Amino acid sequence: MNEILSTDRDEHDGRDGRDGRDGRDGTAAPAGDGPRPGRRQLPSFLVIGVLSTLFYLALFVALRPVTSSQVANLLALAVSAVANTAANRRFTFGITGSDGAVRHQLQGAVAFLIGLGLSSGALALLGAAVPHASRAVEVTGLVVANGLATVARFVLLKLWVFRKR
């Protein structure tokens with residue numbers, strides 16, 4: 001758990017990047033390159049997560065009148081997951097440029113599958129328990145499932161997808 005919430009190693013020895021230097025040879029690092037200090041990762045991840053969730057729910061609600069809850073969920077989650085991974089790559093973990101972008105999206109697909117499993121499961125349970133649930137009830141179930149998926153997503157992104165290599 002400490003590794004998940006821990007800050008960057010460089011923060012502990014006073015090199016947090018605020019002076020524009022990378023801390024290795026004293027030269028200035030290009031803006032936006034390299035990982036962000038850990039204490040800034042969680043707030044950035046949360047802001048991106050809230051915006052992604054709102055985007056996902058808006059897509060779901062827009063698609064729901066023309067398709068089943070499962071198809072609307074799949075499409076909305078797929079679109080929002082790609083945007084979420086790209087935003088976290090850039091803003092939460094400070095990775096710019098195209099190097100590794102495809103690999104990061106493919107690894108992010110694992111987090112997408114976890115979220116899809118949770119949200120599809122929630123919709124299936126809801127469909128069995130309340131066959132004609134309102135959109136508000138569906139959205140509430142998706143918010144709960146998305147909250148669980150968010151925890152898994154942060155852990156995967158931090159420890160696997162965007163870990164220091």
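Visitor: Which residues in α5 does α4 meet?

Guide: This is a predicted model. On the α4 side the contact includes S69, Q70, L77, A81 and R89. Their counterparts in α5 are A101, H104, Q105, G108, F112, G115, L116, S119, S120, L123 and A124.

Visitor: How many residues of the contact of α4 with α5 are charged?

Guide: The residues of this contact include 11 that are nonpolar and 10 that are polar. The charged part comes to one.

Visitor: At what angle do α4 and α5 pack?

Guide: The crossing of α4 past α5 is right-handed. Their axes lie 9 Å apart, and the angle is about 145 degrees.

Visitor: Which helix gives the most to the largest nonpolar core?

Guide: That core has 12 residues, among them Y56, F60, A76, F112 and V139. At least two residues come from each of α3 (38-63), α4 (69-92), α5 (101-129) and α6 (135-161). With four residues, the helix that gives the most is α4.

Visitor: Which residues does F112 touch, leaving out those up to four places away in sequence?

Guide: F112 belongs to the largest nonpolar core and takes part in the contact of α5 with α4. Beyond four places in sequence, F112 touches L74, L77, A78, A81 and R153.

Visitor: What does α6 span between its end C-alpha atoms?

Guide: Among the buried residues of α6 are V139, L142, R153 and L157. At 1.5 Å a residue, a straight helix of 27 residues would span 39 Å. Between its end C-alpha atoms, α6 spans only 34 Å.

Terms used. Residues are numbered from 1 along each chain as its sequence is written. This is a predicted model: local features need pLDDT of at least 70, side-chain atom pairs count only at pLDDT 80 or more; totals for chains, interfaces and linings use all residues. Side-chain values use heavy atoms; hydrogens and water are left out. A nonpolar core is a set of buried Ala, Val, Leu, Ile, Met, Phe, Trp, Tyr and Cys residues joined through side-chain atoms within 4.5 Å. Buried means under 20% relative accessible area, exposed over 50%, partly exposed in between (1.4 Å probe, protein chains only). Contact means heavy atoms within 4.5 Å. Axes are lines fitted to C-alpha atoms, for helices over the stretch in contact, and angles run from 0 to 180 degrees between N-to-C directions. A crossing is left-handed if the near helix is turned anticlockwise from the far one by less than a right angle, and right-handed if clockwise. Ala, Val, Leu, Ile, Met, Phe, Trp, Tyr, Cys and Pro count as nonpolar, Asp, Glu, Lys and Arg as charged, and the others, Gly among them, as polar. The expected span of a helix is 1.5 Å times one less than its number of residues.
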